[in-house]
Amino acid sequence: MWILTILLALALLAAIVFIVMMANSYNKNLNYYMLLSKNVSSMSAVEKMFAIMGKNTSAEEKIVLANKVMLELYSPKYSTLSIYDGNTYTAKATNVEKTYIESVANVAEEVDFKANASKNVSKYLTTTANKTLTYKSAMERKIKSAMFSPIYYNNTYLGFWLLEDTREGAFDNIPKEEIQKLKNNLGIFLENIAFQNTIEIAENTDKQTTFYNNMYLYSNIRQKLIDKDTSALTLICLDNLPEINEKYNRNLGNALLIKAANALKEIVGNDSFLVRYSGLRFLVVTPDCNAGVVQPMMDRYLTKLKNEVEYVSDEPVNLNAQVVIHTFRKQNNIEVEIRKMVKHIDNMKQTNIIQII
């Protein structure tokens with residue numbers, strides 16, 4: 001009997017040893033596959049970023065798409081890519097509420113992250129359930145976890161990537177190696193995007209006024225108007241510019257032209273697109289708007305334009321303008337509508353007036 005007892009004990013011990021060995025093996029395999037999964041996730045993000053680089057879309061839209069990859073991969077409440085131009089920060093892509101965008105865009109200036117930005121070192125902050133982080137806007141948004149990663153390329157600081165969440169320990173499981181890999185590739189990504197942006201500016205911008213040109217109008221701006229039921233088109237003709245060039249000289253005419261362009265930049269909001277439609281004509285495209293809303297803005301512009309003066313032997317010289325405003329509907333053909341406006345403005349007899357058609 002005792003022999004049977006011993007055999008049963010040995011069998012039980014062998015079974016326990018086998019179970020422990022299998023458990024250890026399972027844990028090792030599980031850890032391996034978890035690590036592999038994380039590496040696959042980071043590689044997936046990198047692959048998606050480089051796929052975005054090859055897309056036929058604008059530089060700014062590519063940054064927005066890259067930020068969407070971060071939101072999909074890590075599921076944070078907020079993700080922000082903020083670009084530094086040497087003087088100021090701009091949140092080029094973020095899902096932060098509009099009220100807080102400016103403070104989040106400048107978070108690299110906060111005490112919590114300033115040293116990390118200058119030393120090119122990522123930083124992870126988290127807190128307990130009853131507290132929030134203390135950098136600007138974190139308390140208002142109840143942020144309990146933040147992953148800050150400065151972005152560099154060839155030792156040049158380009159900006160940062162910030163993940164935020166209202167959960168404590170939200171990013172505990174992201175390995176440092178993965179963050180490092182992503183931030184390095186973000187540096188390459190942003191450098192290429194900056195190069196593309198430079199090319200786009202050269203191709204799409206009028207050098208004299210820095211307004212967009214017609215190529216940008218018909219390729220990019222037209223697409224943006226499709227999403228809005230109505231938009232306002234404002235055509236401005238600098239009526240006496242040819243006479244000024246002929247009577248005085250082209251340098252004087254150019255000086256007044258630049259003043260007219262700068263005055264328009266000051267009056268028109270950031271929601272509008274400014275286009276150098278032709279030598280004498282500026283076009284203002286204001287999406288999600290109508291002619292009646294834009295008219296007071298153009299009244300202010302004409303008043304300002306009268307005060308933009310150059311002097312020739314104590315003689316004041318200024319530009320006269322004719323303005324036509326039109327409500328554009330998304331069903332319309334933009335080229336056809338602008339031609340109507342050009343024809344109307346060519347038949348106008350008076351100057352320094354506004355007409356709505």
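Counting disulfides (pairs of cysteine sulfur atoms within 2.5 Å) gives 0 for this predicted model. Local features here need pLDDT of at least 70 and side-chain atom pairs count only at pLDDT 80 or more, while totals for chains, interfaces and linings use all residues. Residues are numbered from 1 along each chain as its sequence is written, and side-chain values use heavy atoms, with hydrogens and water left out.

As for the cysteines, Cys 237 is buried at 6% relative accessible area (buried means under 20%, with a 1.4 Å probe and protein chains only). Cys 289 is buried too, at 12%. Cys 237 has Arg 281 of strand 8 as its bridge partner. Strands 6 (residues 230–238) and 8 (residues 281–287) run antiparallel, joined by 7 bridges; strands here are DSSP E runs of at least two residues, helices H or I runs of at least four, both numbered from the N terminus.

Both strands sit in an open, mixed sheet of 5 strands, ordered 7-8-6-11-12, where pairing takes at least two DSSP bridges. Strand 7 (273–276) and strand 12 (353–356) are the edges.

Helix 10 lies across strands 6, 8, 11 and 12, at about 150 degrees to strand 11; angles run from 0 to 180 degrees between N-to-C directions, with axes fitted to C-alpha atoms, for helices over the stretch in contact. Helix 6 (residues 214–225) packs against helix 10 (residues 334–346) at about 105 degrees, the axes 11 Å apart. That makes the pair roughly perpendicular (65 to 115 degrees). Leu 217, Tyr 218, Arg 222 and Leu 225 of helix 6 meet Ile 334, Glu 335 and Ile 338 of helix 10, contact being heavy atoms within 4.5 Å.

Definitions and conventions:
Parallel < 35°, antiparallel > 145°, perpendicular 65-115°, else oblique. Buried < 20%, exposed > 50% of the residue type's maximum accessible area, 1.4 Å probe, protein only.
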